[in-house]
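Work through these exercises with the model open beside you. Try each task before reading its solution.

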Number of protein chains: 2
Amino acid sequence: MTETRWLTEQEQEVWRTFISAVDAFVDHLERQIQRDANMPYTYYEILVALSEAPDRTLRMSELAGARSSSRSRLSHAVARLEEVGWVRRLACPTDKRGALAQLTDEGFAALQEAAPGHVTAVREKLFDRLTPEQVVALGEISHALLDGLPEGAARRQALNR
Amino acid sequence: MTETRWLTEQEQEVWRTFISAVDAFVDHLERQIQRDANMPYTYYEILVALSEAPDRTLRMSELAGARSSSRSRLSHAVARLEEVGWVRRLACPTDKRGALAQLTDEGFAALQEAAPGHVTAVREKLFDRLTPEQVVALGEISHALLDGLPEGAARRQALNR
DNA sequence: CCCCCCTTGTTGAAGTCTCAATCTTCTTAG
DNA sequence: CTAAGAAGATTGAGACTTCAACAAGGGGGG
């Protein structure tokens, strides 16, 4: 094992600022959704993914892939969402192992109610605070990050669809 | 309530890339620490904060402030860290309500073992993938973000110490 | 055709986080 | 000095995530 390459003073400063900002930002979004829509952010993302799918329906595995979530987590989450009536499970016609998750009308309505607050939060806390050049830079930086992460593969595919 | 200002096509693209990158990146760090040091990332951050404090000791509330964590969460976390022997609780001499958390030698050793892997991950997945200009830009963007977040106040103070 | 293995999805247990309630101690207006 | 309110910290319950184990269906080589 080679010597650890520690961070320079400047890198350390950037690193701490970055991780703090990300933490605070994500925290803000999560609380906003939880307050306004009474669901965790990850559930919101599931509803969004379903709402964009044909027939508002996706295989569990596709849904897990799209959200880069483990099957287990998704299974628990969909169980919960089914309890509150926002998602319903269907048998997969082509593969008896499979299960389909479908967004219900109630789920779609809940999503429509939650969306404006969420978008406003993203706008106010992110885009309104950055210059156009910074927005471009952020996009490029994010791509660079994603390219270096194995976990990013599924996400990259989802983005390029 | 005024009309929702939705995201432009470009903003949407940047937004999805950004949130995916952050998710994948944070996920990667968390798993790395969990695998190598057998503790969640938040516990690692607690140990770091303690290790940098005088006498490796901090008031619970200061520790919560530094990590922007709720008192409750910190209390649970320190209880857990105490169980494994990495932190010890002391009575606060000046305030009978207070409690001090102190990093034990075992905790410090665990931190020293975990640090190289963590720094290497940050280096490889973040700094090695960005140009010097991007690093600067990322610092500025992070500051801008932090400035807009109420939750960021405590973090900003911690950074400016 | 059949057996072995891979994939899909679920389950239960254990760990962590949030929220609200609580207890104690400090602070300060009166 | 005292009473009321603020601040520090803990606790327990409920919710979410992870991990490992499992059940059950598909699919290909012999």
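**Exercise 1. The surface near the DNA**

Which helices of chain A and chain B each supply at least two residues of the surface near DNA strand C? Work this out on the predicted model, then describe the surface.

Solution.
- Step 1: name the helices. Chain A supplies residues from α3 and α4, and chain B from α2 and α4; each of these helices gives at least two.
- Step 2: pick out the nearest residues. There are 22 residues around DNA strand C, and S61(A), R71(A), R89(A), S72(B) and R80(B) come nearest.
- Step 3: sort by type. The surface near DNA strand C holds ten charged, eight polar and four nonpolar residues.
- Step 4: turn to the DNA side. Sugar or phosphate accounts for 70% of the atoms of DNA strand C within 4 Å of the protein, and bases for the rest.

**Exercise 2. Polar atoms at the strand**

Find what part of DNA strand C lies by the side chains of R31(A), R59(A) and S72(A).

Solution.
- Step 1: take R31(A). One of its polar side-chain atoms is 3.3 Å from a phosphate oxygen of DNA strand C.
- Step 2: take R59(A). Here a polar side-chain atom lies 2.9 Å from a phosphate oxygen of the strand.
- Step 3: take S72(A). A side-chain N or O atom of S72(A) lies 3.0 Å from a base oxygen of DNA strand C.
- Result: R31(A) and R59(A) have phosphate oxygens as partners, whereas S72(A) has a base oxygen.

**Exercise 3. The interface of the two chains**

Describe the contact between chain B and chain A: how many residues does it take from each chain, and what area is buried?

Solution.
- Step 1: count residues. Chain A gives 60 residues and chain B gives 60 residues.
- Step 2: take the area. About 5,900 Å² is buried between the chains, with 68% of it from carbon and sulfur atoms. On the chain B side, W15(B), R123(B) and I141(B) lose the most area to chain A, together 10% of what that side buries.
- Step 3: look for charge pairs. Six salt bridges cross the interface. D128(A) forms a salt bridge with R5(B), with the closest N and O atoms 2.8 Å apart.
- Step 4: add polar contacts. Across the interface, 16 residue pairs are in polar contact.
- Step 5: map the chain B side. Two or more residues come from each of α1 (9-37), α2 (41-51), α5 (105-125), α6 (132-147) and α7 (152-159) of chain B. α1(B) gives the most, with 19 residues.
- Step 6: sort that side by type. It divides into 32 nonpolar, 15 charged and 13 polar residues.

**Exercise 4. An unusual phi**

Place S68(A) and S68(B), and state their backbone angle and exposure.

Solution.
- Step 1: recall the background. Most residues other than glycine have a negative phi.
- Step 2: read the angles. S68(A) has a positive phi of about 50°. For S68(B), phi is near 50°, also positive.
- Step 3: locate them. S68(A) sits in the loop between α3 (60-66) and α4 (71-83) of chain A. S68(B) sits in the loop between α3 (60-67) and α4 (71-83) of chain B.
- Step 4: judge exposure. S68(A) is partly exposed because its relative accessible area is 27%. S68(B), at 25%, also counts as partly exposed.

**Exercise 5. A histidine in helix α5**

Is H118(B) buried or exposed, and which residues does H118(B) touch?

Solution.
- Step 1: locate H118(B). It lies in helix α5 of chain B.
- Step 2: apply the cut-off. Buried means under 20% relative accessible area. H118(B) has 6%, so it is buried.
- Step 3: list partners beyond four places in sequence. H118(B) touches L29(B), Q32(B), I33(B), Y41(B) and Y44(B), and also W15(A).

Conventions: Residues are numbered from 1 along each chain as its sequence is written. Chains are lettered from A and ligands numbered from 1 in the order in which they are written. This is a predicted model: local features need pLDDT of at least 70, side-chain atom pairs count only at pLDDT 80 or more; totals for chains, interfaces and linings use all residues. Side-chain values use heavy atoms; hydrogens and water are left out. Contact means heavy atoms within 4.5 Å. Buried area is the accessible area (1.4 Å probe) that two parts lose on being put together, summed over both. A salt bridge is a side-chain nitrogen of Lys or Arg within 4 Å of a carboxyl oxygen of Asp or Glu. A polar contact is a pair of N or O atoms within 3.5 Å; within protein, one must be able to donate a hydrogen and the other to accept it, and residues adjacent in sequence count only if both atoms are side-chain atoms. Helices (H or I, at least four residues) and strands (E, at least two) are DSSP runs, numbered from the N terminus. Ala, Val, Leu, Ile, Met, Phe, Trp, Tyr, Cys and Pro count as nonpolar, Asp, Glu, Lys and Arg as charged, and the others, Gly among them, as polar. Buried means under 20% relative accessible area, exposed over 50%, partly exposed in between (1.4 Å probe, protein chains only). A residue is near a molecule or strand if one of its heavy atoms lies within 4 Å of it.
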